[in-house]
Amino acid sequence: MNKLFGYIFTPIHYLLFGLILCVFHPIQWLSLKFGGNETHKVSVDLMNLFLLGTYLILGSRIKFTQKFPLPSNRPIIFIANHQSMYDIPPLIWFLRKYHAKFISKIELTKGIPSISFNLKYGGGANIDRGDSKQAVAEILKLGERMKENNWSAVIFPEGTRSRNGKLKQFAVGGVATLLKRCPKALIVPVAIQGSWKFVQYGSFPLSFGERMSWTVLKPLENKGGPLEDLVLQAENQIRMEIEGSLGIQTAGQVN
């Protein structure tokens, strides 16, 4: 049934998704030119709110939970698992007060309305995965901007998206590079669940009626110990959250 309804509603979703990107492209340009970075950020936040609305077209249920209070007066590195491109608009909208920036492939800075513009001018890090020196330099610059502007960053340490929702081992490199320039940043794990099911049949059809959640977990302080241990703590928190939710769902199905 999820697939059947997906065939019906996916074209509507894509039409609205693309229309929103096209409409907000000139809005972003005008916001940046006449209002500066802060006004541009507001336009990006609103765009992602509208993009979230297109998830509802497909009967998706979206849940954001912040289990612990977070400071607004210091940079944060949000460490999240990664399941699909649909992870990103909710992160931008729900974490908007923390000015979260992303590390993205440099190829995405061209050819995509609104998205390419934001990546190019929004203050994130656009890296060339085939050029390690360029990638490290860009992430270091992002760390500097975080420290100077009290920004935050979202990083996906798995490296690639999980196609089946299973958590992959986290790499420490990106987090370590950010902390070189922004050593006082707070580490905050975020568990993403269900978005892989949205694209379980590929880009067409998208799956109808999926439940997706974003859960902000317990913050971790960088106290100067091995960064591998710090990232592993974040990974374990996310793993426990995902496995715990799966256990609850399974028990519900048995009952």
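## Cysteines

In this predicted model, Cys-22 has a relative accessibility of 45% and therefore counts as partly exposed, whereas Cys-182 is buried, its relative accessible area being 3%. A disulfide is a covalent bond between the sulfur atoms of two cysteines; with a cut-off of 2.5 Å between cysteine sulfur atoms, the count of disulfides comes to 0.

## The sheet and its edges

Seen as a whole, the strands form an open sheet of 7 with mixed pairing, arranged in the order β1-β7-β6-β2-β5-β3-β4. Because β1 (61-66) and β4 (125-127) each have a single partner strand, they stand at the edges, and one side of each is left without a neighbour in the sheet. On average, and with direction ignored, neighbouring strands are turned by 20° against each other.

At the β1 edge, the pairing with strand β7 (residues 211-216) is parallel and comprises 6 bridges, in which Ile-62 has Met-212 of β7 as its bridge partner. Helix α4 (residues 132-149) packs on the sheet, where it touches β2, β3, β4 and β5, and its direction makes about 175° with that of β4.

## Strand β5 and its partners

Strand β5 (residues 152-155) pairs in the parallel sense with strand β2 (residues 76-80) over 3 bridges, and Ala-153 is there the bridge partner of Ile-77. With strand β3 (residues 100-105), β5 also pairs in the parallel sense over 3 bridges, and Val-154 of β5 stands opposite Phe-102.

In a regular strand the side chains alternate between the two faces of the sheet. Within β5, Ser-152 and Val-154 point one way while Ala-153 and Ile-155 point the other way, and all are buried.

Notes: Residues are numbered from 1 along each chain as its sequence is written. This is a predicted model: local features need pLDDT of at least 70, side-chain atom pairs count only at pLDDT 80 or more; totals for chains, interfaces and linings use all residues. Side-chain values use heavy atoms; hydrogens and water are left out. Buried means under 20% relative accessible area, exposed over 50%, partly exposed in between (1.4 Å probe, protein chains only). Helices (H or I, at least four residues) and strands (E, at least two) are DSSP runs, numbered from the N terminus. Two strands pair if DSSP finds at least two bridges between them. Axes are lines fitted to C-alpha atoms, for helices over the stretch in contact, and angles run from 0 to 180 degrees between N-to-C directions. Contact means heavy atoms within 4.5 Å.
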